[in-house]
Amino acid sequence: MRPDRKTRVFTLIVILTQVLGNFALSWGMKHEVEGLSFSPLAFLHAILAPYVLLGIALLIVWLLTRMTLLSWADLSYVLPVTSLGYVLNTAIGKYFFDEKITPARWVGTVLIVAGIALVGTTSARTTPVRVRES
Amino acid sequence: MQWLLVAVIVFSTVVGDLLQTIEMKRIGEVHDFRPGRIGALLAELARRRFLIAAVFFMAISFFAFMKLLSVADLSFAVPASAASVVVETVLAKLLLKERVDLRRWAGAGLVACGVALLAL
């Protein structure tokens, strides 16, 4: 069963904001922040670095769109389907951080995509859904 | 120490996701995305106790993951998050009464194995 348009759009936003958010955050932590200590001032300084800030903003959007998606879709649907992010993170790691992709990683990628394809054929909601009065 | 952190990560991720799902299902399907309505929705989300608790558990999970990365390799840390996919699927069936059919079990299993392999 093909998911409806709203489910597809929100799934896509959830995946993209998580991948880009994690990327911006790790880029910022690597290039903008040196030796993070746990003093409040150092922490505040780290948070205000541009890429770190962008990463945090994207991850807030990720959290809110994921919550919205969960307002109608099953957790057991959202979880596997949005794990495409792991694959994209690996790809970004290869491209930007020059990490090697081992045969095991390729197999892992194929398994994840196969798992997503399988879950994607199931109905996004299997529990009664309340319609929000607004 | 490592395994304790893994246990904390899996536990807090699972609890956070379950709380979010329960509360969002209570709130009901969001279908109105006009700016004013989104603002009203955000105000409502910020007042829901389960969601506040969920964010708290997600924060614990996040900081435990950061801590784990400082004492263990990524190849040890990432499969830990793969374990929560399986645990959450089981609990989604038992607690949330979602209908997890064979395809969904198989898919969740494949994803978990795949994520574990990515770390190698």
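**Exercise 1. Find where in chain A the prediction is most and least confident, and set this against the chain average.**

Solution. In chain A, confidence (pLDDT, the predictor's confidence in each residue, from 0 to 100) is lowest in helix 2 of chain A, at a mean of 75, and highest in helix 3 of chain A, at 93. Over the whole of chain A the mean pLDDT is 85, and 93% of the residues reach 70 or more. This is a predicted model, in which local features need pLDDT of at least 70 and side-chain atom pairs count only at pLDDT 80 or more, while totals for chains, interfaces and linings use all residues. Residues are numbered from 1 along each chain as its sequence is written, and chains are lettered from A and ligands numbered from 1 in the order in which they are written.

**Exercise 2. Describe the secondary structure and overall dimensions of the two chains.**

Solution. Begin with the elements, where helices (H or I, at least four residues) and strands (E, at least two) are DSSP runs, numbered from the N terminus. Chain A has six helices and zero strands, and chain B has five helices and zero strands. Next come the dimensions: the C-alpha trace of chain A spans about 50 × 45 × 20 Å along its principal axes, and the C-alpha atoms of chain B fill a box of roughly 45 × 35 × 25 Å, taken along the principal axes.

Then consider burial, for which a residue is buried if 20 or more other C-beta atoms lie within 10 Å of its own, exposed if 12 or fewer, and partly exposed in between, with C-beta atoms placed from the backbone. Of the 134 residues in chain A, 38% are buried, and of the 120 residues in chain B, 40% are buried.

Finally, look at contacts, meaning two residues whose C-beta atoms, placed from the backbone, lie within 7 Å. In chain A, residues 24 or more positions apart account for 76% of the contacts with a separation of 6 or more; in chain B, 84% of the contacts between residues at least 6 apart in sequence join residues at least 24 apart.

**Exercise 3. Compare the lengths of helix 1 and helix 3 of chain A with expectation, and state what covers their buried residues.**

Solution. The expected span of a helix is 1.5 Å times one less than its number of residues. Helix 1 of chain A, with 27 residues, reaches 38 Å from its first C-alpha to its last, close to the 39 Å expected. Helix 3 of chain A (residues 50-70), with 21 residues, reaches 30 Å, close to the 30 Å expected.

The buried residues of helix 1 of chain A include F10(A), V14(A), I15(A) and F23(A), and what covers the buried residues of this helix includes helix 3, helix 4 and helix 5 (84-96) of chain A. In helix 3 of chain A the buried residues include L58(A), W62(A), R66(A) and M67(A). The cover over the buried residues of helix 3 includes helix 1, helix 2 and helix 4 of chain A together with helix 1 (2-27) and helix 2 (35-47) of chain B.

**Exercise 4. Work out which parts of chain B meet chain A, and of what class the residues are.**

Solution. Across the interface, 37 residues of chain B are in contact with 35 residues of chain A. On the side of chain B that touches chain A, the elements that give two or more residues are helix 1, helix 2, helix 4 and helix 5 (102-118) of chain B. Helix 5 of chain B gives the most to that side, with twelve residues. By class, the side of chain B that touches chain A has 17 nonpolar, seven polar and 13 charged residues, where Ala, Val, Leu, Ile, Met, Phe, Trp, Tyr, Cys and Pro count as nonpolar, Asp, Glu, Lys and Arg as charged, and the others, Gly among them, as polar.

**Exercise 5. Locate the largest nonpolar core and follow V115(B) from it to P79(B).**

Solution. A nonpolar core is a set of buried Ala, Val, Leu, Ile, Met, Phe, Trp, Tyr and Cys residues joined through C-beta atoms within 7 Å. The largest has 58 residues, and those with the most contacts inside it are V78(A), I112(A), V111(B) and V115(B). Helix 5 of chain B gives the most to this core, with eight residues.

Not counting residues up to four places away in sequence, V115(B) touches residues that include Y86(A), I112(A), V78(B) and P79(B). P79(B) lies in helix 4 (residues 74-94) of chain B, and P79(B) counts as partly exposed because it has 18 C-beta neighbours inside 10 Å. Leaving out residues up to four places away in sequence, P79(B) touches V115(B), A116(B) and A119(B).
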